[in-house]
Amino acid sequence: MTSPSSQYPAAKKAREHDPEVGEYKSPAGGWGALKAVSQHLLHSRSPASNARSLLKLNQPDGFDCPGCAWGDPEHGSSFEFCENGVKAVTWEATAKRVKRDFFAKYSVTELKSWDDYRLEDQGRLVEPMAYNAETDHYEPIGWDAALDLIAAELKALPTPDDAIFYTSGKACNESAYVFQLLARLYGTNNLPDCSNMCHEASGVALKAALGTGKGSVLLEDFEHAEAIFVFGQNPGTNHPRMLGTLREAAERGAIIASFNPLHERGLEKFADPQKPLEMLHGGSHRISSHYFCPKLGGDMAAVRGIAKALFEREAAGESVLDHAFLADYTEQFEAYQARVEGTSWATLEAQSGLKREEMTQAAELYARSKATIICWAMGITQHEHSVPTVREIVNLLMLRGNLGKRGAGTSPVRGHSNVQGDRTMGIFEQPSDELLDALEARYKTPMPREHGVDSVAAVAAMRDAPGKVFVGLAGNFTRAVSDTFVAEAAMRQCRLTAFISTKLNRSHLITGEKALILPCLGRSEIDKTGGKTQLITVEDSMSMVHGSAGINRPASADLPSEIALLTKLGEKLVGSDAVDWAAMRDDYDVIRDHVAEVIPGFENFNERVRVPRGFWLGNPTAERDFPTDSGKAVFSDEALPDEVMHQRMAAREGWLTLQTLRSHDQYNTTIYGYNDRYRGIENGRQVVFLNPADIERLGVEAGQWVDLVGESDDGIARRVEGFKVVAYDTPAGCAAAYYPETNPLVPLSHKGEGSHTPAYKSIAIRLEPNARIA
């Protein structure tokens, strides 16, 4: 099968945006961040109002950042935003508008030739649009007509399981609850979400080990940790407010040990733009006290090496394990110890890419600390063996009793602002019996019991059984999911695709037989219905639930909220016998009252969320209560992967292991610009970062244009065209490039065992010269 890469005129784009490659020597943050903030404020065309909006960002009486899910401090401050938070707010609160004349001017075919940045940079969507296949244009449609069309197409399906209800982590708790309720009353658990593509492995592994699938620490724990280990994470770009937390820890002398294949500037040094004296004198502060660079996929072996060094110290007569904790609170410790001690240092070195001395040094740092937090992100969770890797991290924490005490615990750092809250609200294709029982009791209606499809399985379902209806609540599904060309071909086989969105993106252009774009209010905008200004809520990475109320005038007076659209669809699709949708629409307190009856931990929801900074849902792990089958925390003794990806590649001449990652001008699939300041890239995204030794070994040159070619064992040729080679400090055999441009290289079947998360961080590729780009 020929690759459909011609849909993406990469060679033309590369010429237009020829990346300039330099070296960034300054700290993360600093004057560069302030310059970027001013540029994005100006680009929004409403700099004054957006500057005022920032003063209410992440404040008790303001709105929650639509970017990352890092927690808000209890003590608060006058400024609780970062560079990427500014980008997220100004991107949403732009003065630019996408009206019907835009869609009349540009056909869908022409818009497909635009890149992601140009599409979203057109501005806010302001009226519902329906695709006309005969003219190849989106055309205006009335709100009721659009919702009638969705309801009619859903009712016409042979089975409710032919519908797919997808959710992005940008949706608030109230929207998510209504969305899952709507889908289940309709009759399906097909509720894939963006968690399927990021932290699914964390939830699966933590649930198995500790009985609870969420992180155990609060933000205050970072103030008491003696050591913080950071695995597979780049907070300088993905969670910049976390740098302030790490900096404070470093300033008081905490050990910060980072494990990452790339030397990321945000993990090295940071200048806080909110510290005037530091900015004035050009100062900065070190973040990581120690930096280790394992190979892609080598983190599990690295963590096991730390454990092996601890066991060796115990054998030598030193007491470094918490024997009381191990005896009272854990099980299967002996099997794990035997597995670790039976793994040779040669194997650990080969798989991790670290020397024995480095792992031993990390073990010394860990043994020295009386309270340790371990953080991780997608560098851990987007591998085939991601679930056992997270289990290995939990094993390490248990060895020294670093669960259920101040300054210690698990910290999976989530991405989008409410991705964790959406799951709490029931957005999950594999709901528990407890959730379904509670829904049935509250709504006196049978709920579907068969598990639904996750994000990857949704693509397979659309591909293998055409005629589905896809309803997307925010997000950019076809750009986020793996195997882009396969995903787009599958989406085109739908009877109807309908997206509730604030801005135009590529998924809107991958139309089914019929297609709708339904614009809605953004997080920063005033939501007034039922004669009152409404409050929504979100849950951060630390399980803190807090309120959010927009302060900006809506982009259009006619824009409904997500909740207004979903409740009206509920009336048309399933009726109002079980649910008073209108009451929910008029007063979001009603939704929260429903949540309080159904979801554990939300008792007195309305009262508690109106307390400044909200409330903590709690985590039994923090109390050393482990709701596993045995009532104890469970060690995992899984073997290391038989073949880590980089070892497979080493046996195949000319192949590399690629990880996809974000640029600094990016959040998830949203592209804010063409620069990656901290990696020295300007004016382009079509780059591939390679170790200098690999550049020489493969016979290419820095600055050369190449195509990236993936595996095609299933007969599909996977290729993306026109990437400039950049020499970079990354382990030999390992490469890096930006997503979503490289998502076409990830086969749909290349996913984590037990999590089904696409293995975006371990992709087999080879390089071929691109002769078309001079």
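**Exercise 1.** In this predicted model, find which residue Gly 472 stands opposite in S17, then work out how S17 sits between its partners.

*Solution.* Start with the pair itself: Gly 472 faces Phe 499 of S17. Now zoom out to the strands. S16 covers residues 469–473 and runs parallel to S17, with five bridges joining them. Next, hop across Phe 499: this residue also stands opposite Ile 517 in S18. Strand S18, residues 514–519, pairs with S17 over six bridges, again in the parallel sense.

**Exercise 2.** Decide whether the residues of S17 are buried or exposed, and sort them by the way they point.

*Solution.* Take one side at a time. Leu 496, Ala 498 and Ile 500 point one way. Thr 497, Phe 499 and Ser 501 point the other way. Then check burial, where the cut-off is under 20% relative accessible area: all of them pass. With six of the six residues in 496–501 buried, S17 is therefore largely enclosed by the rest of the structure.

**Exercise 3.** Find the residues with the most contacts inside the largest nonpolar core, and trace what surrounds one of them.

*Solution.* First, the core: it holds 59 residues, and Ile 150 and Tyr 177 have the most contacts inside it. Then ask who supplies it: helix H9 (residues 173–186) gives the largest share, nine residues. Now follow Tyr 177. Leaving out residues up to four places away in sequence, Tyr 177 touches Met 425, Leu 439, Tyr 443, Ile 591, His 594, Val 595, Val 598 and Ile 599. Finally, don't merge this core with its neighbour in the list: a second, separate core has 53 residues, including Phe 231, Met 300, Leu 348 and Leu 640.

Notes. Residues numbered from 1 in each chain as written. Predicted model: local features only at pLDDT ≥ 70, side-chain atom pairs only at ≥ 80, totals over all residues. Heavy atoms only, no water. Buried < 20%, exposed > 50% of the residue type's maximum accessible area, 1.4 Å probe, protein only. Helix = DSSP H or I, 4+ residues; strand = E, 2+ residues; numbered from the N terminus. Pairing = 2+ DSSP bridges. Core = buried A, V, L, I, M, F, W, Y, C linked by side-chain atoms within 4.5 Å. Contact = heavy atoms within 4.5 Å.
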